[in-house]
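Please open the model in a viewer and keep the selection tool at hand. The stops below are meant to be followed in order.

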Amino acid sequence: MNPTRRILATAVAVAAATLVLPAPAWAQTDAAWPSRPIKWVVPFPPGGAMDVIARTLGEKAARELGQAVVVENRPGAGGNIGADYVAKQPADGYTIMVTSIGMATNRALYPKLTYDPVRDFAPISLLAVVPNVLVVNAANTSDRSVKDVVARAGKEPGKLTYASAGNGTSIHLAGEVFASMAGVQMTHIPYKGSGPAVTDMLGGQVDLMFDSITSARPHIQSGKLRALAVTTARRSPALPDVPTVAEAGVPGYEVSPWFAVFARMGTPPEVIARLNKVLNDAMKQPETLRKLESVGAEPIGSTPQELAAHLNRELERWGKLIQQRNIRAD
């Protein structure tokens, strides 16, 4: 499997639920699936890349399946509130979850997790990766490369600060992996979300950030933030001239925030198979590609088996790092 598959990231659902209407469909019997609307749970608030992915693919799925798709935001506790909700729904294919890398990190971050990411969920498909990008304030620093950052951090251990959207987020973990692999000490400054972290980045209150490409790209394009490297194994089409962290001086570095779809464990295999086909077909459509590119998302897709194997690898990787670095959720 290539590096992109191995990692496995903004339209807003404007209330607790947003209806995606289907195009006309073939006649169905009451026993056929789906015979009623399907609920797609997004365990994060409106406003991020996950919403654009969920809504874009939800619309395509609704057209293909002939039923409405309801995109419902159930945010809180790093995605755990939404995941707990889905884990307690009937395993009938009418409630599925579009979620993120938190599916692999939260088991180590939250000691009293109310669900198990493997036991309680049936994998359907990886969807996309949305790279993080190492950025600095262009007006406040002369750093122009990863090597510059490493050199500065090495001279004054602990003085360099990096912002994140909160403890245990992919933005935070990207910084932890960087510090560990580069052999430097930096001070983590957690915020309640990417927005306030970026605000302080722009104001010069923190030195650097491994922000999502979705929120960082407009500030990079305006010249306010300087992009030094992307965190994925290969360069991002959204920032093709920006090297990877591995290319730029930390060999082997890779943090690839991913998005995927899961159903309740026990969902009929034929339902899983049909959803997998619908989603993977949708991710090949030009309209879908354009929409995902607008938030820096790179569609990848997978089989359910590939997602299951990927999740197990990620659980092992992040579990070890979180324990070694003594990371706890906010």
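Leaving aside its neighbours within four places in sequence, with which residues is Ala 182 in contact? Select Ala 182 and display its surroundings: the contacts beyond those neighbours are Val 150 and Val 250. The model in view is a predicted one. Ala 182 belongs to helix α6, and it counts as partly exposed because its relative accessibility is 22%. A distance label drawn from the C-alpha of Ala 182 to that of Val 150 should read 6.9 Å, although 32 residues separate the two in sequence.

**Along helix α6 to a ring pair**

Remain on helix α6 (residues 170-182) and select Phe 178, then add Phe 210 in strand β9; this aromatic pair links distant parts of the chain, 32 residues apart. The ring centres lie 5.4 Å apart and the planes meet at 55°, so the pair is classed as tilted. Are Phe 178 and Phe 210 buried or exposed? Both of these residues are buried.

**The open sheet**

Strand β9 leads to the next selection. Colour the five strands of its sheet in the order β8-β7-β9-β6-β10; the sheet is open and its pairing is mixed. Which strands stand at the edges? They are β8 (187-190) and β10 (225-230); each has a single partner strand, so one side of each is left without a neighbour in the sheet. From one strand to the next, the twist averages 30°.

Now isolate β6 (residues 132-137) together with β10: the two pair in the antiparallel sense over 5 bridges. Within this pairing, Val 136 can be found opposite Arg 226 of β10. Next, show helix α8 (residues 213-222), which lies across β6, β9 (208-212) and β10 and runs at about 115° to β9.

**The nonpolar cores**

In soluble globular proteins, nonpolar side chains tend to be buried together. For the largest nonpolar core, which has 56 residues, select Trp 40, Ile 53, Leu 127 and Val 135, the members that touch the most others. Which helix gives the most to this core? Helix α2 (residues 49-65) does, with 9 residues. Apart from this core lies another, of 48 residues, including Val 136, Val 177, Leu 311 and Leu 321.

Centre the view on Leu 127 and show its contacts, leaving aside neighbours within four places in sequence. Among them are Ile 53 and Leu 57, Val 98, the run Phe 259, Ala 260 and Val 261, and also Leu 279 and Met 283. Glu 298, Pro 299, Ile 300 and Gly 301 are in contact with Leu 127 as well.

**Strand β5 and its partners**

Select β5 next, where 9 of its 9 residues are buried. β5 pairs with β11 in the antiparallel sense over 7 bridges, and it is joined to strand β12 (residues 298-299) by 2 bridges, again antiparallel. To inspect these pairings, pick Phe 121, whose bridge partner in β11 is Arg 264, and then Ala 128, which stands opposite Pro 299 in β12.

**Aromatic rings and charges**

How many aromatic pairs does a search of the whole structure find? The search finds 5. One of them is formed by Phe 121 and Phe 262 and is edge-to-face, at 6.4 Å centre to centre and 80° between the planes. Phe 121 lies in strand β5 (residues 121-129) and Phe 262 in strand β11 (residues 258-264), 141 residues apart. Both are buried. Add Tyr 115 to the selection to see the cluster that ring pairs form with Phe 121 and Phe 262.

Two further selections place a charge over a ring. The charged end of Arg 74 sits over the ring of Tyr 85, 3.6 Å from its centre. For Arg 317, the charged end sits over the ring of Trp 318, 4.4 Å from the ring centre.

**Last stop: Thr 105**

From Trp 318, move to Thr 105, which has Trp 318 among its contacts, together with Gly 168, Leu 173 and Ile 322. Thr 105 lies in helix α4 (residues 102-109). Why does Thr 105 count as buried? Its relative accessible area is 2%, and the cut-off for buried is under 20%.

Conventions. Residues numbered from 1 in each chain as written. Predicted model: local features only at pLDDT ≥ 70, side-chain atom pairs only at ≥ 80, totals over all residues. Heavy atoms only, no water. Pairing = 2+ DSSP bridges. Helix = DSSP H or I, 4+ residues; strand = E, 2+ residues; numbered from the N terminus. Axes fitted to C-alpha atoms, helices over the stretch in contact; angles between N-to-C directions. Contact = heavy atoms within 4.5 Å. Core = buried A, V, L, I, M, F, W, Y, C linked by side-chain atoms within 4.5 Å. Buried < 20%, exposed > 50% of the residue type's maximum accessible area, 1.4 Å probe, protein only. Phe/Tyr/Trp six-rings, centres within 6.5 Å; stacked < 30°, edge-to-face > 60°. Lys NZ or Arg CZ within 6 Å of the ring centre and 35° of its normal.
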